[in-house]
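Dear colleague,

I am handing over to you the structure shown below, together with a summary of what was found in it. Please read the notes beside the model.

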Amino acid sequence: MRKQPNKALASIAHHEAGHAIMCWKERVRVDRITIIPNEIAEGSVRHANVLTGIDLEYDNSPRAQRRIEALVRVCLAGPIAQRAFYPRGYRHQHGQNDHIQAVTLLSKMTGSIEEQEAYLHLLSTQTNQYITGREGSALVSGVAAALLDRREISRRSINPLIRQVMQEAVMGKN
């Protein structure tokens, strides 16, 4: 019989899985997902830098805007997935760094705090709808379960894992 993971570790796994699934949805290559703690975090997702070649101070092109929006959704997805998994255990500080990153990115393309807050609200709503919806929720749960088993998932393993979880979700609907 397999030992049940503690709620805190499962919560971290859902947080990191949320980031990874939003990377996948936004077509941002994931290099590694881990729930092995280090000196600064309980877990992490390392992904490609989609802002390479974009000067955030001067580039206000649609391409730059789409990439910033994608990264903001990635930042927001971890805390949203964690809160959806364990609402009573979620604390504001769990997503504080993610929120700071999201606001910092949005500040590069907004003209006022009011615009920034409205934009953040829109992207947060879109992210929440996906992560807590049928597909997103199934994918987050599947990747979180794999993380709890393996502790770390490499770039080579993430796409096959997501395809497997998608198939299982489709089979479960029938």
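The residues that line the largest pocket divide into eight nonpolar, 14 polar and three charged. Please bear in mind that this is a predicted model. The lining of this pocket comprises 25 residues, and those lying nearest its centre are His19, Ala41, Gly43, Asn97 and Asp98. The volume of the largest pocket is about 760 Å³. Several elements take part in the lining: helix H1 (7-25), strand E2 (44-47), helix H2 and helix H3 (96-107) each supply at least two residues. Of these, H3 gives the most, with six residues.

I turn next to the charged side chains. As general background, side chains of opposite charge can pair when their charged atoms come close. In this model the count comes to five salt bridges, and three of them are described here, beginning with the pair Glu26 and Arg73.

The side chains of Glu26 and Arg73 meet in a salt bridge, with N and O 3.2 Å apart. Glu26 lies in the loop between H1 and strand E1 (30-34), whereas Arg73 belongs to helix H2, so this pair ties together parts that are 47 residues apart in sequence. The two partners differ in their surroundings: Glu26 is partly exposed, at 23% relative accessible area, while Arg73 counts as buried, at 14%.

A further group consists of Arg29, Asp31 and Arg155, which are linked in a network of salt bridges. Asp31 pairs with Arg29, the closest N and O atoms being 2.8 Å apart. Asp31 also pairs with Arg155, and there the closest N and O atoms are 3.0 Å apart. Arg155 lies in helix H6 (residues 155-173) and Asp31 in strand E1, so their salt bridge ties together parts that are 124 residues apart in sequence. Within this network Asp31 is buried, with a relative accessible area of 15%. Arg29 is partly exposed, at 41% relative accessibility, and Arg155 is likewise partly exposed, at 43%.

Glu69 deserves a separate paragraph. Where is Glu69 placed? The residue is in helix H2, which spans residues 62-85. Glu69 is buried, yet has no salt bridge. Why does Glu69 have no salt bridge? The nearest side chain of opposite charge, Arg73, is 4.1 Å away, and a salt bridge requires a side-chain nitrogen of Lys or Arg within 4 Å of a carboxyl oxygen of Asp or Glu, so the pair falls outside that limit. Arg73 is the residue that forms the salt bridge with Glu26 described above. Leaving aside neighbours within four places in sequence, Glu69 is in contact with Met109, Tyr119 and Leu123.

Finally, a remark on helix H6, in which Val170 lies. Val170 is partly exposed, with a relative accessible area of 43%. Val170 and Pro160 are ten residues apart in sequence, and their C-alpha atoms are 15 Å apart in space.

With kind regards

Conventions: Residues numbered from 1 in each chain as written. Predicted model: local features only at pLDDT ≥ 70, side-chain atom pairs only at ≥ 80, totals over all residues. Heavy atoms only, no water. Helix = DSSP H or I, 4+ residues; strand = E, 2+ residues; numbered from the N terminus. Buried < 20%, exposed > 50% of the residue type's maximum accessible area, 1.4 Å probe, protein only. Lys, Arg positive; Asp, Glu negative; His and termini not counted. Contact = heavy atoms within 4.5 Å. 1 Å grid on protein atoms, 1.4 Å probe; cavity = no way out; pocket = protein on both sides within 12 Å on 5 of 7 lines; lining within 4 Å. Points joined across faces, edges and corners; volume = space filled by probe spheres on them. Nonpolar A, V, L, I, M, F, W, Y, C, P; charged D, E, K, R; others polar.
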